[in-house]
Amino acid sequence: MKGQLGADYTRFEAALQQPAPVSIRLNRTKLQGKPDLPRVPWTETGFYLPERPQFTLDPRLHAGAYYVQEASSMFLEQALRQHADLSQSLRVLDLCGAPGGKSTHIASLISPDSLLVANEVIRSRAGILAENITKWGSGNAVVTNNDPRDFGRLPEFFDVMVVDAPCSGEGMFRKDPQAVQEWSDENVNLCAQRQQRILMDVWDALKPGGLLIYSTCTWNLAENEQNIAWLAEQENAQPLALTLDPDWGVENTTLGSVSGYRFYPHQVQGEGFFLSVIRKAGEYEEPQRSSKKKKHKLTHAGKKEQALVNNWLLEPDRFAWVQYGEVISAIPENLFEEVDQLYQNLYVIYAGTEIAEVNGKKLKPLQPLALSRYLNKEAFRTEDLDLESALRYLRKEDIGVSGNSNDWMLLQFNDLPLGWAKQVGNRLNNYYPKEWRIRMELPQVLEFESWEV
């Protein structure tokens, strides 16, 4: 770092001793107002908080109204806005998606007719990714649990790929002491080799003319500019430049024709980060559609079941209603063929919006429906909870509500849906997902978090 930074090294070293900034990114389909907070300058929906609150005790987080994300990584928005036509229907892959910061960010930027495939190779982390995608509620995402080489079964499928590659983590030294202990020259070289393998494993799945956005949370040349220069030479790809505001403090580096964008903690209010953009050579030609009738893996739900859940979503005609086992899901109609192709070639753990579970003649509304941007609240009885009741619900405890009925109820906090309960007489059965519940004890005195919208 002394070699890279020269005279700036002292400032850099001092910055690593300071507390890490805290930032959030709002979900504009759920929160419309503007908080009175400093903005993260390279994104339209990111804001800095003055201190780190107890996020677990904010029901808005569980409702998917915002995501706690490191500010530097929100720079992904600039790469997408400057080099992808976000008004078009795109197929986007977030290859290393967990826990979901970049995936939910992409979901906010692409059009509702676009497809996002959020992948994670580690099974336990893929479950966390699916939870965060579900809470975001965009409805046009598919979560997969696959090795990068598996995407070779989908040649020229994606318009955009985001590869936030596993790395040596130099940019996380301030937040993660373990990253300091694990660092070595040997580990850097191993990471660089693994990153090259990942890039080559997925390259064939990118369309000619498609965009690859590569990022790491490290600073060395081997894992960053040198990898992109290597890929550009191997595949005759075109490195792309981004336009920066000088006030942002982002450092633009070059290595041959490769442009890289580095985030240093003494220059930006954020952690260490690197990003570069490259375009695949050639022009994509749409393949001729086969006249043969396709064999689908996905099955459409029966008309009777469709009729029962049709009014549970806004704009129901824009969805294909599919049934997988006992679960009815809504997938955007224009994406049905693509999602079916994913089911045939990858291990899919979540797709679209899970609406209901079929149990004989009865239907149970599912948690993803409650959090969907397309939920039709008018189809259900709703109950707005105070802070304590909302947190007790999220802990999967029993809570009391008014009335006496035998129907499903949508529980909300500040008009934000949290999930389902079923009233049976004067008893309320809590249907919040067990695996999502808050496990920490509630403090004696509950105070709402300091930032408002």
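A polar contact, as the term is used in this tour, is a pair of N or O atoms within 3.5 Å; within protein, one atom must be able to donate a hydrogen and the other to accept it, and residues adjacent in sequence count only if both atoms are side-chain atoms. The model is predicted: local features need pLDDT of at least 70, side-chain atom pairs count only at pLDDT 80 or more, and totals for chains, interfaces and linings use all residues. Residues are numbered from 1 along each chain as its sequence is written, and side-chain values use heavy atoms, with hydrogens and water left out.

**Stop 1: S23 and its surroundings**

Select S23 and display its side chain. The side chain of S23 reaches the backbone oxygen of Q69 at 2.5 Å. A polar atom of the same side chain of S23 lies 3.0 Å from the backbone nitrogen of A71.

Is S23 buried or exposed? With a relative accessibility of 4%, S23 counts as buried; buried means under 20% relative accessible area, exposed over 50%, and partly exposed in between (1.4 Å probe, protein chains only). Contact means heavy atoms within 4.5 Å. When residues up to four places away in sequence are not counted, S23 touches V40, F47, Y48, Y67, V68, Q69, E70, A71 and M74.

**Stop 2: the sheet that holds S23**

Next, show the ribbon for strand β1 (residues 22-26), where S23 is found. Helices (H or I, at least four residues) and strands (E, at least two) are DSSP runs, numbered from the N terminus. The open sheet here has 3 strands in the order β2-β1-β3, with antiparallel pairing. Because β2 (46-49) and β3 (66-68) stand at the edges with a single partner strand each, one side of each is left without a neighbour in the sheet. On average, neighbouring strands of this sheet are turned by 30 degrees against each other, direction ignored.

Two strands pair if DSSP finds at least two bridges between them. Between β1 and β2 the antiparallel pairing extends over 4 bridges. Which residue of β2 is the bridge partner of S23? It is Y48, a residue that also appears among the contacts of S23.

Now add helix α5 (residues 101-109), which lies across β1 and β3 and runs at about 35 degrees to β1. Axes are lines fitted to C-alpha atoms, for helices over the stretch in contact, and angles run from 0 to 180 degrees between N-to-C directions.

**Stop 3: E77 and H105**

Move to E77 in helix α4 (residues 76-83). E77 has a relative accessible area of 2% and is therefore buried. The side chains of E77 and H105 make a polar contact of 2.8 Å. These two residues are 28 residues apart along the chain, and their C-alpha atoms are separated by 7.7 Å. Beyond four places in sequence, E77 touches W42, T43, E44, H105 and L109.

**Stop 4: Q4 in the first helix**

Select Q4, which is found in helix α1 (residues 2-5). Its relative accessibility of 35% makes Q4 partly exposed. A polar contact of 3.3 Å joins the side chain of Q4 to that of Y264. With neighbours within four places in sequence left aside, the contacts of Q4 are W219, N220, L221, R262 and Y264. For a distance across the model, select G139 as well: Q4 and G139 are 135 residues apart along the chain, and 44 Å separates their C-alpha atoms.

Residues 1-281 may then be coloured as one span. An unreviewed UniProt entry places the feature "domain: SAM-dependent MTase RsmB/NOP-type" there; UniProt positions are given in the numbering used here, feature names are shortened, and annotations may be inferred rather than shown by experiment. The span is 29% helix and 23% strand, and its end C-alpha atoms lie 34 Å apart.

**Stop 5: the cysteines**

A disulfide is a pair of cysteine sulfur atoms within 2.5 Å, and the structure holds 0 disulfides. C167 is in no disulfide, and the nearest cysteine sulfur, that of C217, is 3.3 Å away. C167 is buried, at 18% relative accessibility. Why does C191 form no bond with C167? The sulfur of C167 is the closest cysteine sulfur to that of C191, but the 6.6 Å between them is too far for a bond. C191 is also buried, at 3% relative accessibility.

**Stop 6: L428**

Finish at L428 in strand β22 (residues 427-430). L428 is buried, with a relative accessible area of 8%. Residues up to four places away aside, L428 touches D398, I399, V401, M409, L411, A421, K422 and Q423. The C-alpha atoms of L428 and E397 are separated by 10.0 Å, with the two residues 31 residues apart along the chain.
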